[in-house]
Every structure is written in C-alpha cells, then in structure tokens.
Amino acid sequence: MPGLGKTTLAWKIYKDSRVQFEFPTMIWVYVSQEFNRRDVFLTILKKFTQVEMSSKTDNELACSVRSYLEKSKFILFMDDVWTTEAWKDIEAALPKGNKLGKVLITSRHETVAVYANRKREPHQLRFLDSTESWELLQLEVFRNLDDCPEDFKTLGKDIARQCGGVPLAIVVIGGMLVESFSPQGGSAMKSEWEKVSASVNSYLAGDKEKRTENIIALSYKQMSHDLRDCFLYLGVFPEDTEIHAWKLIRLWIAEGFIKQKPPKSLEEVAEDNLKDLINLNLVMVDKAKAEGGIKVCRMHDMIREFCKAEAGIKKQNLFQEVKKSNGVFDPRVSEIQKHRRICIHSYVQDFLRGRPKGPRVRSFLCFSKETITLPLEYIPSIPEAFDLLRVLDANPIKFSKFPIKLTQLIHLRYIALSGDEFKSLPDAVSKLWNLQTIRIDTISRTFEIKANIWKMRQLRHFKTKAAITLSSELKGEAAENLQSLSRLSTQCCTEELFNRTPNLINLGIRGDLATLSDSKCLRKLNRLQKLKLLYDVFPDVTSENPLSRLPQPDRFPPNLKILELSATHLSWKHMPTLGKLGALKVLKLKDFAFVGKFWEAGVEGKFASLEFLLIARTDLEFWTASNDCFPGLKCLVLKNCEKLEEIPLMLHKSLQILDIERVSKTAAASARKIEAEKECMQGQQHRAKRGGFKLVIAPGDER
C-alpha cells in the first residue's frame with residue numbers, strides 16, 4: 001500500500017545519530033518501479049570513489065560494488081524495491097562474507113521482502129487509527145496538538161477519518177486546510193473546512209484503493225491554473241530523484257508557466273509557487289539553502305505518478321515520458337510528433353538512432369543518472385529532430401564538441417549542455433536572442449564566450465565552473481536582465497563590464513584575485529547579493545602563492561549578503577575586513593580560504609549581521625571569540641577541521657544549529673558542552689517549544 005510511510009520510517013533510521021555512529025558507511029539508493037541496475041550500482045560506487053565509471057559493463061560495475069562493500073562496515077538502504085527480479089540483480093553485487101554489512105529494504109510487495117530474507121518476518125506498516133489520524137492532521141495544520149479551536153474539532157476529526165488512516169492522504173489534506181488557517185478560527189475558516197470535508201467525502205465515495213490518488217486530485221483541482229502546470233511539470237524528473245530548485249525555477253520560466261507580478265521578478269514568483277506546493281505537502285524539502293529558501297526538493301512517487309497521468313496526451317498533453325520496455329519505446333518513435341514536451345532518462349542513444357521527428361516538440365529533457373557519451377554521428381540528431389525547441393536540458397549527455405546546429409534553434413530559451421572539450425561558446429549563439437538561461441558543464445579551466453551576449457536581450461543566467469572570458473570590444477547594451485554570471489575570469493572584472501550589468505544578483509569570479517585588491521569595480525554592483533571568489537593561479541600552486549590581502553570593505557558590493565571564498569590561503573588576521581561588511585549574513589570559507597594556527601575573532605570588530613558560517617578544510621588549531629563577536633550567528637558548520645582543538649563556548653548564545661564532520665575528539669567534546677549550555681539556557685520544555693538546538697556530529701567523530 002503506497003503512502004503508509006515506508007520511506008519516511010527508513011529515512012528516520014538513516015538519519016538517526018545512533019545508527020550513523022554504528023555504521024561508518026551509509027548508502028541510500030532509490031530503486032523504484034523503473035528499476036535500472038546500472039543506476040543502482042553507480043549510486044553505490046559514488047559513495048566510495050569519484051572516478052567516472054559509466055563506461056564499465058554491468059558485470060564490471062557489480063564486481064566493483066562487491067569489492068568496496070567487502071571491506072566496509074556498511075548499511076545499505078534500498079528504497080522502493082518492486083520485484084524479486086530487481087532484488088536478484090542487486091543481491092548479485094553484494095558481498096556474501098561481510099557479516100558487518102546490513103541491508104534495509106522498503107517495498108510495497110510482501111513477496112519481495114520475504115524473498116530477500118526468509119529467516120525474518122518483514123515489518124508491516126499498519127494504517128493509522130482514528131486518534132492517530134486526528135493527531136497527524138492537527139500537526140500538519142497547527143504544528144502542535146493544542147491549537148485547534150474547540151468548534152473545529154468534530155469537523156477536523158471527520159476529515160481525518162475519511163482519509164482512511166493513510167498518512168500521505170492526511171498530510172495532503174492538511175496542506176489544503178492550512179491555506180485557510182487563522183489563529184482565531186472564524187466563520188471564513190470554518191466555511192473552508194466544510195468545503196474540504198464535502199469535497200473529500202465526494203472524492204472518496206468510490207474505490208478505496210484509489211483513496212490517496214483521489215485526495216491528490218482534489219488538491220490539484222483547487223490550485224490556480226498557473227500552479228497546476230508547475231505542479232504537473234515535476235513529473236518530468238525521474239522517480240525518487242533530487243530536484244534542484246535553481247534548475248526547476250529556470251525551467252518553469254522558460255516553459256512560460258510563470259507570469260510577471262510586479263514588483264517581483266519572475267524568479268521570485270516561481271519560488272513563491274514552489275513554496276505553495278511545499279505548503280500543500282505535495283513537494284518535500286530535501287535540502288535548504290544556508291540563507292534560507294529551498295535548495296533541493298523531491299516528491300513522493302505516488303504524487304509523481306499522478307503528475308505523469310494528468311500531464312499525458314489523453315488529458316493535459318503537458319509532457320510525455322519516453323520509456324523502453326522489451327525492446328520497444330513507449331510511445332513509439334514515430335508517435336513523438338504528437339507531443340509538446342518529451343523527457344527521456346535511459347536508452348537515449350537508441351532513441352536518437354531511430355531518427356525521431358517532432359515538429360510540435362517544444363522541450364527535450366534528459367535527466368539520466370548515467371553519463372551518456374554521444375557519438376559524432378548523433379550530435380546533429382536533436383536539432384534536426386526538434387526544430388522548434390524552447391527548452392533543451394541534456395546535461396547527462398557528453399557532447400564531444402559543441403553541437404553547432406543547435407544555433408539554428410532560434411526559439412531556445414533554456415539550454416544545459418555538457419562536454420569535457422567545451423572551451424568556448426560559438427559566435428553563432430548570438431542569434432539565439434530568446435535565450436534566458438545557459439548552463440555549460442566542462443572540465444576546462446577557462447571558457448571563452450565568443451557570442452555577443454550584449455545583444456541577447458532575454459539572457460538572465462549564465463552558469464559554468466570554468467573561468468569565463470568575454471571580449472570588451474563587442475557592442476550592445478542588452479545585459480540589463482542578466483542576474484547570474486558565474487564564473488567570470490578576473491581579467492574581465494572591469495568597471496566597463498559591471499557598468500553593463502547593473503542588475504547582477506549572483507556573481508562568481510575565478511582567477512588571480514590579487515587583481516581585485518585595489519579595484520573599485522565590485523562596489524558598482526549595488527544589487528549584488530551573492531559573491532563567490534575562487535583563487536586560481538594555475539599553473540602555480542595557490543598554497544605557494546597565497547593571496548596577500550582582501551579588498552577594503554568599501555570596495556565590496558554594498559548590499560552583499562552571501563560571500564564564499566575558496567583556496568585563497570589568507571591569514572586569519574584579514575578576517576576583520578569581512579566583519580565590516582554590514583549586510584553579510586552568510587560566509588563560506590572553503591579549501592583553505594584562511595590558514596594559520598590562531599584565529600582571535602572579535603579583537604578588531606564583530607560580524608554584526610552574520611547568521612551562517614561554514615569553515616571547510618583548514619589547518620586552524622586555536623579559535624577564540626569575544627562575547628559580542630557573533631551576536632546573531634544561528635548556524636555553524638565545520639568540515640575537515642581535524643586540527644581544531646575547541647569550538648568557542650560563547651557561540652552557544654545565539655546558535656541554533658551546530659554541524660561538525662571530520663573534527664578532532666576535543667572539538668566534538670566542546671560541541672557537547674555547547675549543547676549542554678543551550679539546555680541550561682532554555683530548559684527542556686521551553687527548548688522544545690522554540691524549536692530547540694540541533695547538534696549534528698558525523699559518525700566516528702566521537703570515537
């Protein structure tokens with residue numbers, strides 16, 4: 001039975017600190033109905049190695065999995081295994097003699113669980129009883145069990161009872177009810193609850209097996225038309241996959257689902273839509289941003305199935321997933337012409353070999369977990385097949401060279417491509433004047449933009465990890481919509497360029513950052529909120545040529561909220577410069593951004609607005625802080641700080657989250673002291689009411 005909470009329970013076990021302490025190696029794999037053993041093997045191997053293994057055969061991958069697992073004390077979570085055949089394929093790659101390894105399976109089918117372990121009865125999840133159903137509904141709507149107005153309880157209990165004890169159904173209904181929530185109750189709220197009760201009653205009058213599906217349909221029917229398209233579109237992503245909010249929001253905009261609502265930007269409206277779907281309990285937040293907001297989300301597989309069914313050609317014709325079963329594509333390659341958007345996540349080469357033709361297709365999306373190397377003869381296939389494309393996300397496909405025929409797709413609004421040999425964006429891309437988002441994945445250190453982006457009036461985001469170089473001689477004044485540019489080469493950081501890009505919000509810079517030390521160009525970016533600085537002096541080594549200093553505080557963007565420094569090897573004595581950035585809320589120091597044994601924080605100023613601090617990879621040993629140095633620090637993350645002796649105790653005053661990984665035993669012990677101080681400050685009951693203090697210590701750090 002779907003929706004009973006199998007994945008939720010397994011996830012709680014996976015995140016439990018006691019389990020993490022016991023098993024140094026923890027692996028989570030989503031198996032799903034669309035089982036692909038290569039994807040499973042590759043997911044497991046990513047836990048052990050960064051080596052690209054997509055070129056290996058299935059048997060070679062299975063041997064590699066077995067080899068790594070034989071040597072580890074591990075627990076492997078296999079979520080949503082549908083068939084005994086799928087389990088046989090997975091089991092073949094597991095070591096037989098490692099008694100320290102454990103496997104936990106979730107499945108809708110008891111036969112799978114019995115087959116996997118004949119010596120142990122599977123744990124059966126039951127339906128919630130009426131009391132538990134009502135408690136869960138209250139928690140979803142009111143966040144605790146004490147706030148439901150008295151005259152709503154009978155109505156609420158009746159709504160909960162109608163959900164049949166299925167947790168997923170209850171939380172979806174809770175998402176609908178919370179929209180009408182008012183602390184005072186009132187007639188308007190009661191009227192909304194009565195409408196929901198009547199709707200639930202009518203929707204659930206039929207087949208009990210479809211109870212949860214019907215409740216999802218009820219929630220869908222109550223959405224605005226704009227939000228409906230955004231919701232259904234989530235079905236283009238593979239089952240049980242991480243959905244990155246940045247990508248999703250830009251895809252929604254490119255697809256035309258987001259309408260302008262001044263004074264908000266399109267991105268802000270799209271983010272509001274995502275929050276609405278989360279509040280409706282149709283989408284789950286998987287990871288949050290340091291500054292707040294959603295970084296990664298996902299959805300229940302049953303909700304995804306609803307999206308796919310509703311978006312199909314027989315109903316909304318919003319998109320169609322192309323799948324291959326028993327050697328045949330569904331829909332057939334010859335039928336692609338009927339669809340407006342297609343997504344395909346496996347057998348991509350076979351599909352393109354069939355020479356599809358889709359004159360109506362506006363979007364081609366591929367989110368395969370496996371890297372796909374496309375032979376030269378297939379490079380022109382996509383533009384030739386779909387000449388009216390608006391959206392092309394083919395990131396898993398490795399192109400051996402930039403597909404120049406893509407420049408004929410003049411309707412393109414969004415393009416995401418990957419190629420190790422990509423070193424430039426051709427001049428012909430200038431013709432794609434509708435482009436809003438360009439994302440290029442390449443291992444090249446530099447990336448030359450030959451295209452004249454100053455004439456691309458719709459361009460809003462350009463994203464790559466290489467250092468971008470731009471010609472200063474190109475004419476045009478069309479960069480007023482450009483919001484994201486990453487990463488820009490330091491040699492291109494000039495007053496002239498930043499005068500052309502006054503609305504930049506997100507900027508990444510890569511190269512010799514010493515050239516910025518005396519420059520005034522950054523302070524022209526009044527709207528810039530996020531800045532990433534990566535020190536790269538290749539072929540020299542950054543540790544042997546450390547950055548000598550930072551720009552003065554008045555030379556940073558005046559409204560900067562988020563700053564990330566990587567590989568700068570600065571002395572800790574330069575930290576007061578960052579403390580003087582009055583608007584700074586998030587500071588991330590990565591890969592030896594600062595080096596040295598001692599950091600005396602607060603000696604020359606404080607971080608007045610800082611709420612989030614990350615320090616990852618440093619040789620810092622002794623850190624002291626004055627009482628007022630971090631007055632508003634809410635979250636501290638320390639990773640790979642093995643030499644750090646102690647975390648300053650005074651941080652406990654404002655701290656809400658302390659997350660440490662690969663630190664010394666003494667640093668872990670000091671984290672426990674901070675936790676004890678928080679408990680003393682707040683008291684057990686008061687702490688629970690306010691949400692409490694969260695300490696996360698990685699497995700093994702306290703051993």
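## Exercises on cores and sheets

The largest nonpolar core of this predicted model has 115 residues. Let's work through what surrounds that statement.

**Exercise 1.** Find which residues have the most contacts inside the largest nonpolar core, then list what Phe 351 touches.

*Solution.* Start with the best-connected members: Phe 351, Leu 507, Leu 563, Leu 578, Leu 613, Trp 623 and Phe 630 have the most contacts inside this core. Next, take Phe 351 and leave out residues up to four places away in sequence; Phe 351 then touches Val 322, Phe 329, Val 333, Ile 336, Ile 342, Ile 344, Pro 356, Phe 364 and Phe 386. Finally, look apart from this core: another core of 73 residues lies there, including Leu 251, Phe 257, Leu 277 and Leu 318.

**Exercise 2.** Work out which strands stand at the edges of the open sheet formed by E4, E5 and E6, and why one side of each is left without a neighbour.

*Solution.* First, write down the order, E4-E6-E5, with antiparallel pairing. Strands E4 (243–244) and E5 (284–288) each have a single partner strand, so they stand at the edges and one side of each has no neighbour in the sheet. Then check the pairing of E5 with E6 (residues 294–298), which runs over 4 bridges; Lys 287 has Val 296 in E6 as its bridge partner. Last, add helix H14 (residues 266–279): H14 packs on the sheet, touches E5 and E6, and makes about 45° with the direction of E6.

**Exercise 3.** Trace the bridges from Ala 416 through E15 to E17.

*Solution.* E13 (residues 414–418) pairs with E15 (residues 437–441) in the parallel sense over 5 bridges, and Ala 416 has Arg 439 as its partner in E15. From there, E15 pairs with E17 (residues 461–470), also in the parallel sense, over 3 bridges. The partner of Arg 439 in E17 is Lys 463.

Key
Residues numbered from 1 in each chain as written. Predicted model: local features only at pLDDT ≥ 70, side-chain atom pairs only at ≥ 80, totals over all residues. Heavy atoms only, no water. Pairing = 2+ DSSP bridges. Helix = DSSP H or I, 4+ residues; strand = E, 2+ residues; numbered from the N terminus. Contact = heavy atoms within 4.5 Å. Axes fitted to C-alpha atoms, helices over the stretch in contact; angles between N-to-C directions. Core = buried A, V, L, I, M, F, W, Y, C linked by side-chain atoms within 4.5 Å. Buried < 20%, exposed > 50% of the residue type's maximum accessible area, 1.4 Å probe, protein only.
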